[in-house]
Amino acid sequence: KKSDQHKQAPTRQSNRNITMSKNNEFLEMNKDLIMIRFSNPSRKNLCFSNAAVSSLLNVPILRKFLSEYNMQIDENPITEELVFLANVKNLSEASSQKIREIVQSSCFQAGQLTKDFCNNHQHDSGEFMQSLLEHFWNENVQLANTFKEDMFGGVSQDTLSCVCGYRVKLAHEHMSEIIPIQTGAESVQRGLEDFFCAENIAWKCPICAKQTVQKSHTIILEPSTLILQLMRYNFDYVKNEATKIHDQILCSPSILMPSGSIYSLVSVINHIGEDTTSGHYNVMLSNKYSNKYVLLDDSNISYVADDYNGKSDVSYIFTYVRDTEI
């Protein structure tokens, strides 16, 4: 999804769950969170990139890497800006404007001319997050293999099975950094389970020539970080337009992988808007010490109300970290 010019849309359910607080005590209680303030300059739409950067910077493995990064070794613009944002003390200076420009420059240099993140239009937060990660690995090419494995590192294997008894295991594959889950599930947990469920695919069995086989997914190596992107956007071929799905989805503080490992919630990026051509992004960060969620929404930084139950029709991207990594 890539949206047109930013428009402030109705905030639907999300704003009813917010209790405002902006004092020093609030900031002190949440000092362990990295908060990219959504202080958008005039006519600049930064909410999509602020949300993506805020989510990534609160992943413990990335924070550890940035805290140990030696800027004297290489000149890596994306990494150096992430280091700055991870350590900035003045929230008014914590903006993703510069890193957005650097990522776009990297896209253009790589021939990705369609990825124009700096035209002051509203863009998809997931698309920007994926581009940021891609060029972050490219900058740190000598460390990319080991650090990428540390931060994500998931490996899966597909198995094809036919009713005639034929069965073949395909080669191991690295899991995607951002995993798509369907809106048909009532919860993020169920969406993740459905992702790993067996499905029928068109493939000719070499034994019985049946045209359909079952494909199942198995995790060989668990990822350290799970980024799950809810497929809220669909294309209506009858109307020849993209539509947004407003289903209520339950996002719990922790989820289980098929192996039984527990993953804890780091952040939730919300997209507020009635359709795919306008809207607004904000992000909720989980503070594990206070068991509260902090909402970053433009220049407002606040707690989410205590009666928030995890259900939302605007939640979009969920970041979880395996409990052994926290």
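Leaving aside neighbours within four places in sequence, which residues is Ser 131 in contact with? The legends below work towards that answer, and they all describe a predicted model.

**Figure 1. The whole chain, for orientation.** Here you can get your bearings among 8 helices and 18 strands. Of the 326 residues in the chain, 49% are buried. Among contacts with a separation of 6 or more, 68% join residues that are 24 or more positions apart.

**Figure 2. Ser 131 and its contacts.** This view picks up the opening question. Ser 131 sits in helix H6, and its partners beyond four places in sequence are Val 103, Cys 107, Lys 115 and Phe 117. The relative accessible area of Ser 131 is 0%, so this residue counts as buried. For a sense of distance, look across to Arg 100: its C-alpha is 10.0 Å from that of Ser 131, with the two positions 31 residues apart in sequence terms.

**Figure 3. Helix H5 packed against helix H6.** Step back a little and the two helices come into view together. Residues 97–109 form H5 and residues 125–139 form H6; their axes are 10 Å apart and meet at an angle of about 70 degrees. That angle makes H5 roughly perpendicular to H6. The crossing of H5 past H6 is left-handed.

**Figure 4. Side chains where H5 meets H6.** From H5, the contact draws on Ile 99, Arg 100, Val 103, Ser 106 and Cys 107, while H6 supplies Phe 128, Ser 131, Leu 132 and His 135. Sorted by character, these residues are 5 nonpolar, 3 polar and 1 charged.

**Figure 5. The two faces of helix H3.** Now turn to H3, which spans residues 60–67 and has Ile 61, Leu 62, Phe 65 and Leu 66 buried. Looking down the axis of H3, you will find these buried residues within an arc of 135 degrees, so they line one face of the helix. Residues three or four places apart in an α-helix point the same way, because there are 3.6 residues a turn. On the face of H3 turned away from the buried side, Lys 64 and Ser 67 are exposed.

**Figure 6. Asn 76 in the loop after H3.** Our last stop is Asn 76, placed in the loop between H3 and helix H4 (77–87). With a relative accessibility of 7%, Asn 76 is counted as buried. Setting aside residues up to four places away in sequence, Asn 76 touches Tyr 69, Glu 139 and Asn 140. The C-alpha atoms of Asn 76 and Glu 139 are 5.8 Å apart, although the two residues are 63 apart in sequence.

How values were computed: Residues numbered from 1 in each chain as written. Predicted model: local features only at pLDDT ≥ 70, side-chain atom pairs only at ≥ 80, totals over all residues. Heavy atoms only, no water. Axes fitted to C-alpha atoms, helices over the stretch in contact; angles between N-to-C directions. Helix = DSSP H or I, 4+ residues; strand = E, 2+ residues; numbered from the N terminus. Parallel < 35°, antiparallel > 145°, perpendicular 65-115°, else oblique. Left-handed = near helix turned anticlockwise from the far one by under 90°. Contact = heavy atoms within 4.5 Å. Nonpolar A, V, L, I, M, F, W, Y, C, P; charged D, E, K, R; others polar. Buried < 20%, exposed > 50% of the residue type's maximum accessible area, 1.4 Å probe, protein only. Arc of directions from axis to C-beta.
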